[in-house]
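Student: Please take a close look at the salt bridges in this model, and treat them as one connected topic.

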Amino acid sequence: MAVGDRIPTELAQSALSATATNYFTNAGSSYRTQLLEVCLVNTGSSQRVVTLYKNGLAANNQIANSITLPANTSTIIDLKLVATGVQTFGANQDSGTDITMTVSGIVEQIS
């Protein structure tokens, strides 16, 4: 990449767990990342509840909670978040590992 380049990309894809985990970390001060969309898919036979976090995994870092996905359903969340420096994006589900999360966005080299 060179300064000014903007690359649309998949930033993360993973099965969630009950432990809040960071799934994306911005690449440092030379980059700015727009997190644009989160796809959540519940492949299990039970309802699940998802929580999303930015810049840490504590309760005060939650950006969305109580996202409820009935069994065998999916949802797409339009985000429009910006990550700079080494800011993070994380998630967890209430129990199990049957939610798959995919995060997409645009990475821009700024210096």
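Tutor: R6 is a good place to begin, being partly exposed at a relative accessible area of 44%, where partly exposed lies between buried, under 20%, and exposed, over 50% (1.4 Å probe, protein chains only). This is a predicted model, in which local features need pLDDT of at least 70 and side-chain atom pairs count only at pLDDT 80 or more, while totals for chains, interfaces and linings use all residues. Residues are numbered from 1 along each chain as its sequence is written, and side-chain values use heavy atoms, with hydrogens and water left out.

A search of the whole structure yields four salt bridges, each being a side-chain nitrogen of Lys or Arg within 4 Å of a carboxyl oxygen of Asp or Glu. In one of them R6 pairs with E108, and their closest N and O atoms are 3.9 Å apart. This pair joins distant parts of the chain, as R6 belongs to strand β1 and E108 to strand β8, 102 residues apart; strands are DSSP runs of E with at least two residues, numbered from the N terminus. Whereas R6 is partly exposed, E108 counts as buried, with a relative accessibility of 13%.

Another salt bridge brings R48 and D98 together at 2.9 Å, N to O. Because R48 sits in strand β4 and D98 in the loop between β7 and β8, this pair ties together parts that are 50 residues apart in sequence, and both residues are buried.

The side chains of D78 and K80 also form a salt bridge, at 2.8 Å from N to O, but here D78 is exposed, at 57% relative accessible area, and K80 is exposed too, at 55%. Finally, R6, R32 and E108 are joined into one network by salt bridges that share partners.

Notes. Helix = DSSP H or I, 4+ residues; strand = E, 2+ residues; numbered from the N terminus.
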